[in-house]
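Colleague: Can you take me through the empty spaces and the charged pairs in this one? Keep it simple, please.

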Amino acid sequence: MIIGIGYQDPILVGIICISLLFVLALLGVRVAFAAALSGFLGLVELIGFWPGATTAASIPYAKTSLYGLSVLPPFILIGFLAFHAGMTAKLFDAARKWVGWLPGGLAVATVMAQTGFAAVSGASTATAAVFSRIAIPEMLKYKYSKRLAAGVVAAGGTIASLIPPSAILVIYALVVEESVGALLLAGFLPGIVSALIYCAIIVLWSMYKPEVGPAVGGYTWGERARSVPGVLPIMLVALIIITAIYGGWATITEAGALGAFVVLILAFFHGMRTKQLKDALMETARLTVMIFTLIWGIYIFVTFLNFSTVPQAFSTWIVGIDAHPYLILLGILLGYTVLGMFMDAIGMLLVTLPIFYPAVMALNGGDYVLAADSPFGMTKDQASVWFGIIVVKMAEVCLITPPIGLNCFVVNGVQPQISLQDVFRGIALFFVADVITIAVLVFFPQIVTWLPDLMRGG
Amino acid sequence: MAEIDDMLGRVTGRADRMLCPVEDTLNFIAATAVLFLMMLGVVQVIMRIRWLFSAPIFGYIDMIELSMPILAILGISYCQRHGVHIRMDIMLHKLRGRTLWVVETFNSVVALVIVLLLTRFSWVFFMDAYTSGDSSVDAEYLTWPSKLLVPIALAILSARLLIQFLGSLRLAIDPKRELIGVIKPADVADQAREEIREALGGDEVK
């Protein structure tokens, strides 16, 4: 490839290097290294050896030493400490006292408690793990069907990636160079909507088949009132993060640090030992490194892609397709469904966004489009946030569907008496709910854009 | 052949044992940095309160930016040892015995090549900052100590990848040998166990 540097058709080099990335990734090379190597070779080919090599090698530092990215470690730490802070059992207890009387009440309570827990956890698999231990035994005790119990826990976990603090939304924001705060706020309402749709579908299913999820009632108003103080700490953490982003009294990193500090204090009060703190910190460091390595590896590739002009060519091609923009969007979303069968959510986002994101923005009418002139009825800023939420929701659906469906494996891992088949069957109901949620978010983008618009003062 | 093979195993095993404490220490430093940055954020918020101190930490953002590589890159080799860096392993799971280890040998060579290249040229990037006395925007802290972390971390990662290359090569020669210096390919169930261990703190893995 080195021969004839600077004389190749950039698009051709682009296509060769994209193919190389896919072949290496399929062979099982770590995605970060596969992307870095493909990008490195491409850069060297397009701009020459020394400039290409030094550009590529400056990226690991340049992409890690950013203040905007410093929000990730505290968010991840909050997630690892949240379980030790013992707030989960209290959340579930409060939720069951308030909504247990509904058909499928304990499953509804699980979704509500998971939504609350999402406010201190940015990771969907962790949320599924924690609730597998707390909620499933209770549901089984009240003769809930195994499938419903397992399905609701696996699916409810995915709400964590929409409600702030969500690590995956931070990553999206950084990749597409959108405001992290806007993305985090944007996820809030869709997270609630997603939870409400889960609850509605549980109630309807339990009314149709009362034996799968009997109502659990008989709590007095006094008992309900007494369950409230247990959930206040979580509300405090959520309040710190959301008001900081919205009101701007602290940067998101500072709010994350403060949130992590509050959770840390709570965890110590709840009996966390130093050994567990050390483990949580080591895990935080590990996950941080994994995410950052992926970010700089992919970014070397993205830097090359921009030289190759492939994203621009792809955008031009997408915009030129003679079909309704919604139909093209549907095609892109179906592409994500297929990819999601093979890749982890973060990896999938990082690999696809450099190509798909500019295409969708072009489809919306480009950088300076007015909402009235755009086929989706949105400005560029709105569309960018909206696409982020939809793509993250899509990536999360892949966490609960075969063949990967990591959340389902997590539930089965904590509760081995529920077979994997039962977990996957239990998911079917929630898969339907997710398809409805995505449709709602596509056709009512205001749910996504309302809060970030308020923040931007629009 | 068997003798060469044994020697390869011994060398790989010894190198592995020597590298592990280095990697553990570096990740521990990263873990401590997580705690430090959290405390720094809390102090910053408190010190900035207008009616209390109204004295935000000087150069706070620069401090955070310069310490980010400690968290973000120092533990890179530790992660590689534990197989944390994500990959698509759908095909690897279909492979058994020698084929699996031939592919793994190839994979470690690919990773080794790019990491060596980046080590070499991130050193150039560091040297530029060192010789020019490059400093951060606000507080004018020198940037080279922070930039130096990149080639150091990548050099250690190269050593780890070399160990994994030798380990895979040894198993490609004779797949029946015990695993030394390689990561056993994890399937989704293994990943799920790992996630549960992380979320629930270790006592829950069945």
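Modeller: What follows covers cavities first and then salt bridges, all in a predicted model.

Colleague: How many cavities of 30 Å³ or more does the structure hold?

Modeller: Three cavities reach that volume. The largest cavity holds about 160 Å³ of space.

Colleague: Which residues are closest to the centre of the largest cavity?

Modeller: They are A:Arg30, B:Gln80, B:Arg87, B:Glu104 and B:Gln164, out of 15 residues that line the largest cavity. Helix H4 (97-132) and helix H5 (144-173) of chain B are the elements that each give two or more residues to this lining. The largest share, four residues, is from H4(B).

Colleague: And by class, what is that lining of the largest cavity made of?

Modeller: It has six nonpolar, six polar and three charged residues.

Colleague: OK, next one. What volume does the second largest cavity have?

Modeller: The volume of the second largest cavity is about 70 Å³.

Colleague: Which residues line the second largest cavity?

Modeller: From chain A there are A:Ser70, A:Pro73, A:Pro74, A:Thr253 and A:Ala257. From chain B there are B:Val34, B:Leu37, B:Met38, B:Gly41, B:Tyr60 and B:Ile64.

Colleague: Which helices supply at least two residues each there?

Modeller: In chain A, helix H4 (72-82) and helix H13 (252-269) do, and in chain B, helix H1 (2-48) and helix H2 (60-72) do. H1(B) gives the most to the lining of the second largest cavity, with four residues.

Colleague: How many residues of that second lining are charged?

Modeller: None; the lining of the second largest cavity divides into eight nonpolar and three polar residues, with no charged ones.

Colleague: Let's switch to charges. How many salt bridges are there over all chains?

Modeller: There are 16. Side chains of opposite charge can pair when their charged atoms come close.

Colleague: What does A:Glu254 form a salt bridge with?

Modeller: Its partner is B:Arg48, and the closest N and O atoms are 2.8 Å apart. A:Glu254 lies in helix H13 of chain A and B:Arg48 in helix H1 of chain B, so this salt bridge joins two chains.

Colleague: Is A:Glu254 buried or exposed?

Modeller: Buried, at a relative accessible area of 1%. B:Arg48 counts as partly exposed, with 26% relative accessibility.

Colleague: What about B:Arg160, which residue does it form a salt bridge with?

Modeller: B:Arg160 forms one with B:Glu23, and again the closest N and O atoms are 2.8 Å apart. This pair links distant parts of the chain, 137 residues apart, with B:Arg160 in helix H5 of chain B and B:Glu23 in helix H1 of chain B.

Colleague: And why does B:Arg160 count as buried?

Modeller: Because its relative accessibility is 2%, and buried means under 20%. B:Glu23 is buried too, with a relative accessible area of 1%.

Colleague: Which residues are linked with those two in a network of salt bridges?

Modeller: B:Asp16, B:Asp24 and B:Arg81 are in the network together with B:Glu23 and B:Arg160.

Colleague: Back to the largest cavity for a moment. What do the side chains of B:Glu104 and B:Arg87 meet in?

Modeller: They meet in a salt bridge, 3.1 Å from N to O. B:Glu104 lies in helix H4 of chain B and B:Arg87 in the loop between helix H3 (76-81) and H4, so the pair ties together parts that are 17 residues apart in sequence. Both residues are buried, and both are among the residues closest to the centre of the largest cavity.

Note on methods:
Residues are numbered from 1 along each chain as its sequence is written. Chains are lettered from A and ligands numbered from 1 in the order in which they are written. This is a predicted model: local features need pLDDT of at least 70, side-chain atom pairs count only at pLDDT 80 or more; totals for chains, interfaces and linings use all residues. Side-chain values use heavy atoms; hydrogens and water are left out. On a 1 Å grid over the protein atoms alone, a cavity is a set of points where a 1.4 Å probe fits but cannot get out, and a pocket is an open set with protein on both sides within 12 Å along at least five of seven lines; lining residues have an atom within 4 Å of a point. Grid points are joined across faces, edges and corners, and a volume is the space filled by probe spheres set on the points. Ala, Val, Leu, Ile, Met, Phe, Trp, Tyr, Cys and Pro count as nonpolar, Asp, Glu, Lys and Arg as charged, and the others, Gly among them, as polar. A salt bridge is a side-chain nitrogen of Lys or Arg within 4 Å of a carboxyl oxygen of Asp or Glu. Buried means under 20% relative accessible area, exposed over 50%, partly exposed in between (1.4 Å probe, protein chains only).
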